[in-house]
Amino acid sequence: MTLISPDGRELKFDIVIKTPKGAIYATILKRNAEVAGAEIQKVEKVQKLTLEEAHKKLGHCDIEKARRTAKALGWHLSDGVMNPCASCAAGKAKQKNVPKASKRQKSTEPGQMIFHDISTIGDREGVKSPCKQWHLMVDDYSMFCITGQNKTKDAFIEPFCKVLKEMIVRLKRKNVIVRMDNSGENKKFQERSSDADWQLSLS
C-alpha cells in the first residue's frame, strides 16, 4: 500500500501484520530532522554536549531518556550529571492544596445567612455587554440564588435591599447575616440598608 503526496513523495506501508480478521499495513518512519519538537541538524562530526544541553534539545525529557537518545544520535555527553532544571520544576509545580471543608457552621434555616458578590463581565471581540456588573446572592441554607446585571457597581443596592426586606417579612426573621467583602459599593449598601427607608437588620 502506497500513499503519494501532491509533491510526488511516497509513503509505503510495506509491513504486513496478519490479524485473525485480516491484516494491518504498517511502516517505519526514521526521524532525521526533528526530535521532541527540537530541530536537530545531522552533522558528520560527533556533537559534544553537556547533559543539560541535551536535555533541553530533546524537549526536557527525563535524564535516562536524554542519555539513551543522545547515544542513538551519536552525541557525546561531556558530563553525566545535571543541575535541577528550572523549566521542568515550574512545569511540575502546583498550587498548595486548599482545604475544601470550612469550619464555619452551615445555616440551619432559610434566610439565616446570605452571600453576595459582584463580578465585572469583560468584553469579547465583537460582543459588548451594556450591563457589565453581574450581581449574585446565594442563600447559605438552600443554595437558592438570585442574579442580575447592572450598568454600575452600586446599582444592585436598591433591588438587593428590596429582596432582603421581602425575605425578612416572608420568613419572619429578626435579622439576616450578609457575607460580603469591604468594597466601596458594599459600604454604600450597608449605609443604605440601615437608613430610614429600609431599616434592615443586617449583621
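**Close-up views of a predicted model**

We start with Asn150, which sits in strand β11, residues 145-150 (helices are DSSP runs of H or I with at least four residues, strands are runs of E with at least two, and both are numbered from the N terminus). A note on the ground rules: this is a predicted model, local features need pLDDT of at least 70, side-chain atom pairs count only at pLDDT 80 or more, and totals for chains, interfaces and linings use all residues. Residues are numbered from 1 along each chain as its sequence is written, and side-chain values use heavy atoms, with hydrogens and water left out.

**View 1. Asn150 and its neighbours in β11.** Asn150 counts as buried because its relative accessibility is 17% (buried means under 20% relative accessible area, exposed over 50%, and partly exposed in between, with a 1.4 Å probe and protein chains only). Leaving aside residues up to four places away in sequence, Asn150 touches Cys131, Lys132, Gln133, His135, Ala155 and Phe156. A contact here means heavy atoms within 4.5 Å.

**View 2. The largest nonpolar core, with 15 residues.** Ile114, Phe160, Leu164 and Phe189 are the residues with the most contacts inside this core. To qualify, buried Ala, Val, Leu, Ile, Met, Phe, Trp, Tyr and Cys residues have to be joined through side-chain atoms within 4.5 Å. Two or more residues each come from β9 (113-120) and α4 (157-171), and α4 gives the most, with six residues. Zoom in on Ile114 and you'll find a list of partners that includes Met137, Val138, Phe160, Leu164, Met167 and Val178, not counting residues up to four places away in sequence. There is also a second, separate core of eight residues, with Ala54, Leu58, Cys61 and Ala66 among them. As background, nonpolar side chains tend to be buried together in soluble globular proteins.

**View 3. Asp140, in the loop between β10 (133-139) and β11.** With a relative accessibility of just 3%, Asp140 counts as buried. Its side chain makes a polar contact with the side chain of Ser107 at 2.7 Å. For a polar contact, a pair of N or O atoms must lie within 3.5 Å; within protein, one must be able to donate a hydrogen and the other to accept it, and residues adjacent in sequence count only if both atoms are side-chain atoms. Asp140 also touches Arg104, Lys106, Met113 and Phe115, among others, when residues up to four places away in sequence are not counted.

**View 4. The salt bridge between Lys106 and Asp140.** The closest N and O atoms of this pair are 3.8 Å apart. Lys106 lies in the loop between α3 (86-92) and β9, and Asp140 in the loop between β10 and β11, so the pair ties together parts that are 34 residues apart in sequence. Lys106 is partly exposed at 43% relative accessibility. The rule for a salt bridge is a side-chain nitrogen of Lys or Arg within 4 Å of a carboxyl oxygen of Asp or Glu, and by this rule the count comes to nine. In general, side chains of opposite charge can pair when their charged atoms come close.

**View 5. Two salt bridges within helices.** In helix α1 (residues 51-57), Lys56 and Glu52 are four residues apart, which means about one helical turn between them; their closest N and O atoms are 3.6 Å apart. Both ends are partly exposed, Lys56 at 45% and Glu52 at 33%. Over in helix α2 (residues 63-73), Arg67 and Glu64 are three residues apart, about one turn of the helix, and the closest N and O atoms of that salt bridge are 3.8 Å apart. Arg67 is partly exposed at 33%, and so is Glu64 at 43%.

**View 6. A nonpolar surface patch that includes Tyr25.** Met1, Leu3, Leu11, Val16, Tyr25 and Leu29 make up this patch, with about 610 Å² of accessible area together. Areas come from the Shrake-Rupley method with a 1.4 Å probe, and for residues only the protein chains shown count as cover. Patch members need over 30% relative accessible area and no salt bridge; like charges are joined within 9 Å, and nonpolar side chains (Val, Leu, Ile, Met, Phe, Trp, Tyr) within 5 Å. Tyr25 belongs to strand β4 (residues 22-26) and is partly exposed at 44%.
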